[in-house]
Each structure stands twice: as C-alpha cells, then as structure tokens.
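Student: I'd like a close look at one part of this model, with its surroundings filled in step by step. Please start with a single residue and work outwards from there.

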Amino acid sequence: ASNNKFFVGGNWKSNGTKESIKDLVAGLNAADFDPKHVEVVVAPTFVHLDYVNSIIDKNKFAVSSQNIWIKGTGAFTGEIAAETLQDLGIHWVITGHSERRALCNETNDVVGLKTARALELGLNVIPCVGETLEQRQSGQIFSVLDAQMKALFDRQAFIAVKDWSKVVIAYEPVWAIGTGVVATPEQAQEVHAYLRKVLGNKLGAEVASSVRILYGGSVNDKNCEELAQKEDVDGFLVGGASLQAASFETIIKAH
Ligand code: PEP
C-alpha cells in the first residue's frame, strides 16, 4: 500500500435477492472500520441500487453501479444512463469489467466512451483492465494493458480530470476472476507498477502516484493482507468475497 487512501470495492455482480441484500447490508453497516482511512464502495445490480442506497450507512459506504450506457437518457431500450444514476444519488460506476468485455462484447473503445461519459456527468469511475491467461502466456500482457489504457487516454474527459480521487483503476487479471487463482503479490505489484508508469508517462508523476490502483481477482479474507502490503496496491475490487459481510470486513481492514 502507498500513502493513498485505501479503497475497497465490492462487486456483487448479478447476485442478491431483496432478502439476502437486506442481510448483507445489515452486516456491512455493523462492520467496524474507520472511513477516514479506507473508502468503501459496493456495487449491487441496477435494480437494487436505490434500495441499497436507502439502507446502507452512507458514513461508511458509497454505492456504485456495475455499468452505464454510452449516451444519455432517451430511446435506448434496456440501458441505464449516467443521468439516471445521478438522479438516484449514485455517484460511482464500474466500467470495463472483464465479464462485460467478454460476455457483452465491450471493446476498449466502448469502455473509453463509458468512462468519459461517467466523468462528464461528474460520476466517480472505476475502469477495469486486465489480461487473459492466453495473453499473459503469449507475452502480450503489457501490450494488452497499453491498449486498454490508451482507450481511456483517447478521451478528453479522462485526460482533463482534475480530481484524481474520482478515478480508481482496477487491475483484474481475467484468469484470476472468480477462479480461486489469485495473483501472487509479486505478480500484482509488477503490473500495478507498470500501470503507474503508463499513467505517469501520460499524465505526469504527481497524478500517477495519487491515482489508486486496485487489485481484483479471487481476493479473500486470507490472501488480502499480503497483497495489501505491496507498494503499488492501493486496495481491492472484490467479487465473491464481497457477498459475505465478515469476509468483506476483513478485506476492508487489510491495509
Ligand atoms: C470481480 O468480479 O471484480 C472479481 C474480482 O471477482 P472475484 O473476487 O470473485 O474473483
């Protein structure tokens, strides 16, 4: 961990019932941590956003969507615009999660557009990047990350950001997401340092050191501590383990 404020995101994906979410939020509200030292965001499904936002302790948590539409409100059946999130009092959005890239054909360009759109509307954003196992094994890891980062840099709204506490990059190697195969702390550190270098080349050293870079991929209450010790790991984006309040609390307190 660096000197940056630690950040932990919980990605609930397409999970939860009204009942299970009520219990999960009650568990989270009871979690004992100091929000001065860690920023925590949870991302329920779109249809649960308003409910979670109404019952969660806002002194400790913020609520995020898992996706947004590339445009505003209008004739876009089935999509959710940034304006709609704003109206609900939702101030965070995850963009470019690998499941959306892989399952919904979201290209780097679409992720760049969505990220820019979120920033234009004043939302805080968590763009996700990461390589597949095949890309890692064939030596393409850094070129893949370069292309994913370039799509962000290509958008004026991204490079014009003034307050970089509103942008949190998540490094999520696809081979580690939901697989139980966590990156080693060394593997995470290597990529985080690389991403910081890429940010520095484009935006300057000061921005690069202040942007938080999260690790995501099979983080749990057992492996979080060791990962959190790495210099360039500023926090986590957590899937499976974020559905259990006790595990998530341990991860929140890992820094
Ligand atoms: C994720 O979906 O962002 C994620 C990291 O999932 P998991 O923690 O389950 O690997």
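**From a helix start to the ligand shell**

Tutor: Setting aside residues up to four places away in sequence, I141 touches E131, Q135 and R136. Before going further, please keep in mind that this is a predicted model. I141 sits in helix α7, which covers residues 141-153. Is I141 buried or partly exposed? The label here is partly exposed, because I141 has 19 C-beta neighbours inside 10 Å and buried status requires 20 or more. As for distance, N105 is 36 residues from I141 in sequence, and their C-alpha atoms are 20 Å apart.

S218 makes a helpful companion to I141 on this point. With 20 C-beta neighbours inside 10 Å, S218 counts as buried, because the cut-off is 20 or more. You will find S218 in the loop between β7 and α11, the latter spanning 224-228. The backbone of S218 also deserves a glance: its phi is near 60°, a positive value in a residue other than glycine. K13 has a positive phi too, near 50°, and is likewise not a glycine. K13 belongs to the loop that links β1 (6-11) with α1 (18-29). In its surroundings, 17 other C-beta atoms lie within 10 Å, so K13 is partly exposed.

From the loop at K13 we can step back into β1, where V8 is found. V8 has 28 other C-beta atoms within 10 Å and is therefore buried. What does V8 touch beyond its neighbours within four places in sequence? The contacts are V38, V40, G235, F236, V238, I251 and I252. Take V238 from that list: 230 residues separate V238 from V8 in sequence, while their C-alpha atoms are 7.5 Å apart. Links across the sequence come up in the chain as a whole as well: among contacts between residues at least 6 apart, 71% join residues at least 24 apart.

V40, another contact of V8, leads us on to the strands. V40 stands opposite F61 in β3. Strand β2 (residues 38-43) and β3 run parallel and are joined by three bridges. On its own, β3 (residues 61-65) is mostly covered, with four of its five residues buried. β3 also pairs with β4 (residues 92-95), again in the parallel sense, over two bridges. In that pairing, S64 has W92 of β4 opposite.

A second run of strands is built around β6. Which residues cover the two faces of β6? V168 and A170 lie on one side, I169 and Y171 on the other, and all four are buried. β6 pairs with β5 (residues 124-129) in the parallel sense over two bridges, and C128 has A170 as its bridge partner in β6. β6 also pairs in the parallel sense with β7 (residues 212-216), over four bridges. There, A170 has L214 as its bridge partner in β7. A170 is thus a handy residue to click on: its bridge partners include C128 and L214.

β7 then brings us to the ligand. Strand β7 spans residues 212-216, and G216 is one of the residues that come nearest to the ligand, together with I177, G178, G239 and G240. Those five belong to a group of 13 residues around the ligand. Sorted by class, that shell holds five nonpolar, seven polar and one charged residues.

Now let us zoom out to the full chain. It has 12 helices and eight strands, and 43% of its 255 residues are buried. The C-alpha atoms fill a box of roughly 45 × 45 × 35 Å along the principal axes. The radius of gyration is 17 Å, which agrees with a compact globule, because such a globule of 255 residues would have a value near 18 Å.

How confident is the prediction? The protein chain averages a pLDDT of 97, and 100% of the residues score at least 70. The model as a whole scores ipTM 0.97 and pTM 0.98.

Terms used
Residues are numbered from 1 along each chain as its sequence is written. This is a predicted model: local features need pLDDT of at least 70, side-chain atom pairs count only at pLDDT 80 or more; totals for chains, interfaces and linings use all residues. A residue is near a molecule or strand if its C-beta atom, placed from the backbone, lies within 6 Å of it. Ala, Val, Leu, Ile, Met, Phe, Trp, Tyr, Cys and Pro count as nonpolar, Asp, Glu, Lys and Arg as charged, and the others, Gly among them, as polar. The radius of gyration is taken over C-alpha atoms; the globule rule is 2.2 Å times the number of residues to the power 0.38. A residue is buried if 20 or more other C-beta atoms lie within 10 Å of its own, exposed if 12 or fewer, and partly exposed in between; C-beta atoms are placed from the backbone. Two residues are in contact if their C-beta atoms, placed from the backbone, lie within 7 Å. pLDDT is the predictor's confidence in each residue, from 0 to 100. Two strands pair if DSSP finds at least two bridges between them.
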